[in-house]
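I opened this model to look up a few residues and contacts. My notes follow in the order I worked.

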Amino acid sequence: MRIANHDDRLVLVDEGRYLDVTKVSDGLFSSDIALIYERWDEFRKWAEGQDFADAPTLLDGRLGAPNPKPPQTFGIGTNYRGYIEAVGWPTPEEPLVFTKYQSAITGPGDVIELSGSQVDWEVELVVVIGRRARRVRADKAWDYVAGLTVGQDISDRDAQMRPKTFPQFSLGKSFPGYAPIGPCLVTPDEFDNPDEIELGCLLNGQEVQRSTTGDLIFTVPQLIEYLSGMLTLLPGDLIFTGTPAGVGSVMDPPRFLTSTDVVTSWITGIGQMTHTFARGPVMSA
């Protein structure tokens, strides 16, 4: 099953066509996509067998974030083997966890304002939680996932690493627009193997990242077990699962985003996002 946020309304998607859920369900479900995750199991049963024969065509330019108001958003750092090998870091013994704040969420095709001169790209698989999860074992974790989407963990490396003695990842990764997600949400059963999904990123049409989630150090089920062992995961929560090798900050010389760049982020079985950038305003003294 696929859902999307089309013109700020929850829609069910099938082969490029969509159904307005509120209209088709005669008001049973809200048009606000952020509210559907609290009723995910009920919604999935309703969605089975819906008829798309006369459904209109989905328009990519009118898509928003599959959940623009997540209760909690988690990011996972240094979580691909290829990434840590490229930078020469040791394999982490536990996930490196930070947050991205709700005001950073944006859609799959929006213009993102740059916060400085050291802004980097990070394509990521993003997990959306569909059921309240507390102390969930890894072997049951996929049962708590509503779906998967494409994400970019846009990162201001200068702000992220300030102060150098105690870096603040969350602030440097939460400027407005620094958590774009989309273009749709796809349920795990749509994938042959949800633990082996290909993803990648293009900068101005040139490939800079490509890997599969089979290279994750901590898999999606392991992350859910770890996080739910610490706190309660809520319906609609987002987990940015980490990025593969190929980010700009570790290039020689480093390569950061400018207002002339175009970043395309893709995941097989989900789709792609394309973002352009604008020069940020100069702050007054």
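Is Asp54 exposed or buried? I found it exposed, at 77% relative accessibility. The model is a predicted one, and every entry here rests on it.

**Entry 1: Asp54 and its surroundings.** I placed Asp54 in the loop between α2 and β4. I then checked its distance to Tyr18, which is 36 residues away along the chain. The two C-alpha atoms are separated by 9.4 Å.

**Entry 2: Ser25.** I looked up Ser25 next and found it in the loop between α1 and α2. Ser25 is buried, with a relative accessible area of 10%. A polar atom of the Ser25 side chain lies 3.4 Å from the backbone oxygen of Thr22.

**Entry 3: salt bridges.** How many salt bridges does a search of the whole structure find? I got 16. I took three of the pairs in turn.

The pair Lys69 and Asp32 has its closest N and O atoms 2.9 Å apart. Lys69 sits in the loop between β4 (63-64) and β5, and Asp32 in the loop between α1 (21-24) and α2 (40-47), so this pair ties together parts that are 37 residues apart in sequence. Both ends are partly exposed: I noted a relative accessible area of 42% for Lys69 and 22% for Asp32.

The pair Asp153 and Lys100 has an N to O distance of 2.6 Å. This pair also links distant parts of the chain, 53 residues apart. Asp153 belongs to the loop between β11 and β12 (155-156), and Lys100 to the loop between β6 and β7 (105-106). Here I found buried ends, with Asp153 at 0% relative accessible area and Lys100 at 2%.

The pair Arg162 and Asp158 has its closest N and O atoms at 2.6 Å. Arg162 is partly exposed at 46% relative accessibility, and Asp158 is partly exposed at 35%.

I then asked which residues are linked with Lys100 and Asp153 in a network of salt bridges. The other members are Asp120, Glu122, Arg157 and Lys173.

**Entry 4: Glu124, a buried charge.** Side chains of opposite charge can pair when their charged atoms come close. I wanted to know where Glu124 stands in this respect. It lies in strand β10, and it is buried yet has no salt bridge. Why does Glu124 have none? The nearest side chain of opposite charge, Lys173, is 5.7 Å away, and a salt bridge needs a side-chain nitrogen within 4 Å of a carboxyl oxygen, so Lys173 does not qualify.

What does the Glu124 side chain reach instead? I found the backbone nitrogen of Gly242 at 2.7 Å and the backbone nitrogen of Thr241 at 3.4 Å. Leaving out residues up to four places away in sequence, Glu124 touches Thr241 and Gly242 as well as Thr149, Val150, Gly151, Asp153, Leu199, Phe240, Thr243 and Ile267.

**Entry 5: Gln168.** Gln168 is in the loop between α4 (157-160) and α5 (169-172). I noted it as partly exposed, at 38% relative accessible area. With neighbours within four places set aside, its contacts are Ala159, Gln160, Arg162 and Pro163. I also checked Gln168 against Thr99: they are 69 residues apart in sequence, and their C-alpha atoms are 10.0 Å apart.

**Entry 6: helix α6.** Which residues of α6 (residues 220-230) are buried? I listed Val220, Pro221, Leu223, Ile224, Leu227 and Ser228. These residues are on the same side of α6, because they cover an arc of only 155° around the axis. The elements they pack against are the strands β5 (73-77), β6 (96-99), β10 (123-129), β11 (145-152) and β16 (238-240).

**Entry 7: nonpolar cores.** I followed Ile224 from α6 into the largest nonpolar core, which has 53 residues. Ile224 is listed among those with the most contacts inside that core, together with Leu148, Ile239, Leu257 and Ile270. Beyond four places in sequence, Ile224 touches Ile129, Val136, Ala141, Val145, Leu233 and Ile239. Another core of 27 residues lies apart from this one, and its members include Met1, Val21, Ile33 and Phe240. I had already met Phe240 as one of the residues touching Glu124.

Definitions and conventions. Residues are numbered from 1 along each chain as its sequence is written. This is a predicted model: local features need pLDDT of at least 70, side-chain atom pairs count only at pLDDT 80 or more; totals for chains, interfaces and linings use all residues. Side-chain values use heavy atoms; hydrogens and water are left out. Buried means under 20% relative accessible area, exposed over 50%, partly exposed in between (1.4 Å probe, protein chains only). Helices (H or I, at least four residues) and strands (E, at least two) are DSSP runs, numbered from the N terminus. The arc is that of the directions from the helix axis to the C-beta atoms. Contact means heavy atoms within 4.5 Å. Lys and Arg count as positive and Asp and Glu as negative; His and the chain ends are not counted. A polar contact is a pair of N or O atoms within 3.5 Å; within protein, one must be able to donate a hydrogen and the other to accept it, and residues adjacent in sequence count only if both atoms are side-chain atoms. A nonpolar core is a set of buried Ala, Val, Leu, Ile, Met, Phe, Trp, Tyr and Cys residues joined through side-chain atoms within 4.5 Å.
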